[in-house]
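Please find below my notes on this entry, set out as numbered points. They are meant to be read with the structure open alongside.

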Amino acid sequence: MLLIALVIGVMAARAQSSFTTIQYNQKMTPALVLELPNSTNDVEGTILKKLEQIGYNPETQGHLFWKKNKTDGFYVFTNVTLPQVSDQKLDMYFKVVPKNKEEITNSTLYML
């Protein structure tokens, strides 16, 4: 639920999240899925910008540096603190894919 609050607070999306399962590390894992009327680049950029705003300081640099932090297709952000919610450190996993071949300007966001 924390992840949904993060994404919804950042994007003005006309979408609702739902629960699903997705494969991660060769196991089916519960996830939230959110259909967004934004391109994958917009969604990825918004996630990164919001994480920077809350004080997440990645150690790597460069254009879209965080693509290096991919595991099994998911962007991985470790030890993230959401001060509005809790002081507890979280690991956040996001996967952003185009909705389908016909709707390349829309994205599907998976969150673990």
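1. Lys-70 has Tyr-75 of strand E4 standing opposite, while Thr-71 has Phe-74 as its bridge partner in the same strand, E4. This is a predicted model, and the pairing described here is read from its coordinates. The two strands concerned, E3 and E4 (residues 74-81), run antiparallel and are joined by 2 bridges. Between them the hairpin has 2 residues, and Asp-72 there takes a positive phi near 55°.

2. The neighbouring pairing of E4 is with E5, again in the antiparallel sense, and extends over 5 bridges; within it, Phe-77 stands opposite Met-92 of E5. Taken as a whole, the sheet is open and has 6 strands in the order E1-E2-E6-E5-E4-E3, with antiparallel pairing. Strand E1 (17-24) and strand E3 (70-71) stand at its edges with a single partner strand each, so that one side of each is left without a neighbour in the sheet.

3. For the chain as a whole, the secondary structure amounts to 2 helices and 6 strands, which follow one another along the sequence in the pattern α-β-β-α-β-β-β-β. The chain has 112 residues, of which 33% count as buried. Where contacts in the chain join residues at least 6 apart in sequence, 51% of them are between residues at least 24 apart.

4. Which strands does helix H2 lie across? Helix H2 (residues 40-53) lies across strand E2 (27-36), E4, strand E5 (89-98) and strand E6 (107-111), and it runs at about 165° to E5. As a check on the geometry of H2, its 14 residues should span 20 Å at 1.5 Å a residue, and this agrees with its end C-alpha atoms, which are 20 Å apart. Gly-55, which follows H2, has a positive phi, near 100°.

5. The buried residues of H2 are Thr-40, Val-43, Glu-44, Ile-47, Leu-48 and Leu-51. They cover an arc of only 130° around the axis, and therefore lie on the same side of H2. An α-helix has 3.6 residues a turn, so residues three or four places apart point the same way. On the face of H2 turned away from this buried side are the exposed residues Asn-41, Lys-49 and Gln-53.

6. The largest nonpolar core has 17 residues, and those touching the most other members are Ile-47, Leu-51, Phe-77, Val-80, Phe-94 and Leu-109. At least two residues of this core come from each of E2, H2, E4, E5 and E6. Another core, of 6 residues, lies apart from it and includes Ile-22, Tyr-24, Phe-74 and Tyr-93. As general background, nonpolar side chains tend to be buried together in soluble globular proteins. Two residues mentioned earlier can be placed here: Phe-77 belongs to the largest core, whereas Phe-74 is a member of the other one.

7. Is Met-28 buried or exposed? Met-28, which is found in strand E2, has a relative accessible area of 56% and is therefore exposed, the cut-off for that class being over 50%. Leaving aside residues up to four places away in sequence, Met-28 touches Thr-21, Ile-22 and Gln-23. Of these, Ile-22 is among the residues of the 6-residue core.

Conventions:
Residues numbered from 1 in each chain as written. Predicted model: local features only at pLDDT ≥ 70, side-chain atom pairs only at ≥ 80, totals over all residues. Heavy atoms only, no water. Pairing = 2+ DSSP bridges. Helix = DSSP H or I, 4+ residues; strand = E, 2+ residues; numbered from the N terminus. Contact = heavy atoms within 4.5 Å. Axes fitted to C-alpha atoms, helices over the stretch in contact; angles between N-to-C directions. Core = buried A, V, L, I, M, F, W, Y, C linked by side-chain atoms within 4.5 Å. Buried < 20%, exposed > 50% of the residue type's maximum accessible area, 1.4 Å probe, protein only. Expected span 1.5 Å × (residues − 1). Arc of directions from axis to C-beta.
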